[in-house]
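Reader: Hey, I've got a protein open on my screen and I'm not sure where to start. Can you walk me through it?

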Amino acid sequence: MPHLTRRTQILLDEDRYTRLSAEAESRGSSVAGLIREAIDQTFPATSADRRAAASEFLRLAEEDPLLDLGPEGIRSEILAINER
(Lines give C-alpha, C1' and ligand atoms only; values in the text may rest on other atoms or scores of the structure.)
Protein backbone atom coordinates (compact mmCIF):
# COMPACT_ATOMS: atom_id res chain seq x y z
CA MET A 1 0.00 0.00 0.00
CA PRO A 2 1.31 3.48 -0.80
CA HIS A 3 2.45 5.72 2.01
CA LEU A 4 -0.55 7.74 3.19
CA THR A 5 0.34 11.43 3.20
CA ARG A 6 -2.93 13.32 2.81
CA ARG A 7 -5.64 13.77 5.40
CA THR A 8 -9.19 14.76 4.55
CA GLN A 9 -12.36 15.14 6.54
CA ILE A 10 -15.88 14.24 5.42
CA LEU A 11 -19.22 14.48 7.13
CA LEU A 12 -21.57 11.50 6.94
CA ASP A 13 -25.14 11.09 8.04
CA GLU A 14 -25.80 8.43 10.67
CA ASP A 15 -27.14 5.88 8.16
CA ARG A 16 -24.06 5.99 5.93
CA TYR A 17 -21.68 5.80 8.88
CA THR A 18 -23.60 2.86 10.36
CA ARG A 19 -23.44 0.97 7.05
CA LEU A 20 -19.73 1.69 6.61
CA SER A 21 -18.91 0.79 10.19
CA ALA A 22 -20.80 -2.51 10.01
CA GLU A 23 -19.14 -3.45 6.71
CA ALA A 24 -15.69 -2.51 8.02
CA GLU A 25 -16.22 -4.66 11.10
CA SER A 26 -17.41 -7.63 9.04
CA ARG A 27 -14.31 -7.38 6.82
CA GLY A 28 -11.89 -6.73 9.65
CA SER A 29 -11.10 -3.38 8.07
CA SER A 30 -11.50 0.27 8.99
CA VAL A 31 -14.02 2.82 7.76
CA ALA A 32 -11.14 4.76 6.21
CA GLY A 33 -9.95 1.62 4.41
CA LEU A 34 -13.40 1.08 2.92
CA ILE A 35 -13.52 4.68 1.74
CA ARG A 36 -10.10 4.32 0.07
CA GLU A 37 -11.28 1.09 -1.59
CA ALA A 38 -14.43 2.82 -2.87
CA ILE A 39 -12.30 5.63 -4.32
CA ASP A 40 -10.03 3.12 -6.07
CA GLN A 41 -12.99 1.27 -7.56
CA THR A 42 -14.78 4.45 -8.65
CA PHE A 43 -11.69 6.26 -9.95
CA PRO A 44 -9.19 3.59 -11.07
CA ALA A 45 -5.52 4.36 -11.47
CA THR A 46 -4.33 5.42 -14.90
CA SER A 47 -2.69 3.05 -17.36
CA ALA A 48 0.67 4.65 -16.56
CA ASP A 49 0.17 3.85 -12.87
CA ARG A 50 -0.69 0.24 -13.71
CA ARG A 51 2.35 -0.05 -15.98
CA ALA A 52 4.63 1.35 -13.27
CA ALA A 53 3.21 -1.08 -10.71
CA ALA A 54 3.56 -3.97 -13.14
CA SER A 55 7.18 -3.04 -13.86
CA GLU A 56 7.98 -2.91 -10.16
CA PHE A 57 6.28 -6.26 -9.64
CA LEU A 58 8.33 -7.77 -12.45
CA ARG A 59 11.54 -6.41 -10.95
CA LEU A 60 10.67 -7.95 -7.59
CA ALA A 61 9.56 -11.23 -9.17
CA GLU A 62 12.86 -11.62 -10.99
CA GLU A 63 14.63 -11.30 -7.63
CA ASP A 64 12.47 -13.99 -5.98
CA PRO A 65 12.82 -17.45 -7.56
CA LEU A 66 10.13 -18.88 -5.26
CA LEU A 67 7.20 -17.21 -7.01
CA ASP A 68 4.87 -19.78 -8.64
CA LEU A 69 4.72 -18.27 -12.13
CA GLY A 70 8.41 -17.67 -12.54
CA PRO A 71 9.76 -14.61 -14.34
CA GLU A 72 8.46 -15.58 -17.79
CA GLY A 73 4.96 -16.32 -16.55
CA ILE A 74 4.89 -13.06 -14.63
CA ARG A 75 6.26 -11.18 -17.64
CA SER A 76 3.39 -12.58 -19.73
CA GLU A 77 0.87 -11.49 -17.11
CA ILE A 78 2.33 -8.00 -16.98
CA LEU A 79 2.31 -7.67 -20.77
CA ALA A 80 -1.35 -8.67 -20.75
CA ILE A 81 -2.09 -6.01 -18.11
CA ASN A 82 -0.26 -3.35 -20.12
CA GLU A 83 -2.28 -4.16 -23.24
CA ARG A 84 -5.56 -3.38 -21.46
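Author: Sure. One term before we start: "contact" here means heavy atoms within 4.5 Å. Also, keep in mind that this is a predicted model.

Reader: Ok, got it. So what meets what between α1 and α2?

Author: From α1 you have Tyr17, Leu20, Ser21, Glu23, Ala24 and Arg27, and they meet Val31, Leu34, Ile35 and Glu37 in α2. Sorted by class, that contact has six nonpolar, one polar and three charged residues.

Reader: And at what angle do those two helices pack?

Author: About 100°, with the axes of α1 and α2 8 Å apart. That makes α1 roughly perpendicular to α2, because angles of 65 to 115 degrees count that way. If you want to find them, α1 covers residues 14-27 and α2 covers residues 31-42.

Reader: Zooming out, how many helices and strands are there?

Author: Four helices and zero strands. Starting from the N terminus, the order reads α-α-α-α.

Reader: Ha, easy to remember. What percentage of the residues count as buried?

Author: 11% of the 84 residues in the protein.

Reader: Can you show me one of the buried ones?

Author: Try alanine 54, which sits in helix α3, residues 47-63. Its relative accessibility is 6%, so alanine 54 counts as buried; the cut-off for that is under 20%.

Reader: Which residue is 27 positions from alanine 54 in sequence, and how far is it in space?

Author: That's isoleucine 81, and the C-alpha atoms of the pair are 7.8 Å apart.

Reader: Cool. What about arginine 19, buried or exposed?

Author: Exposed, because arginine 19 has 52% relative accessibility and the cut-off is over 50%. You'll find arginine 19 in helix α1. Between its C-alpha and that of valine 31, 12 residues away along the chain, the separation is 9.6 Å.

Reader: New topic: what volume does the largest pocket have?

Author: About 700 Å³.

Reader: And which residues lie nearest its centre?

Author: Leu4, Arg6, Ala32, Arg36 and Ile39, out of 20 residues that line the largest pocket. By class, the lining has 11 nonpolar, five polar and four charged residues.

Reader: Last one: what share of contacts with a separation of 6 or more comes from residues 24 or more positions apart?

Author: Those pairs account for 24% of such contacts in the protein.

Technical notes
Residues are numbered from 1 along each chain as its sequence is written. This is a predicted model: local features need pLDDT of at least 70, side-chain atom pairs count only at pLDDT 80 or more; totals for chains, interfaces and linings use all residues. Side-chain values use heavy atoms; hydrogens and water are left out. Axes are lines fitted to C-alpha atoms, for helices over the stretch in contact, and angles run from 0 to 180 degrees between N-to-C directions. Angles under 35 degrees count as roughly parallel, over 145 as roughly antiparallel, 65 to 115 as roughly perpendicular and the rest as oblique. Ala, Val, Leu, Ile, Met, Phe, Trp, Tyr, Cys and Pro count as nonpolar, Asp, Glu, Lys and Arg as charged, and the others, Gly among them, as polar. On a 1 Å grid over the protein atoms alone, a cavity is a set of points where a 1.4 Å probe fits but cannot get out, and a pocket is an open set with protein on both sides within 12 Å along at least five of seven lines; lining residues have an atom within 4 Å of a point. Grid points are joined across faces, edges and corners, and a volume is the space filled by probe spheres set on the points. Buried means under 20% relative accessible area, exposed over 50%, partly exposed in between (1.4 Å probe, protein chains only).
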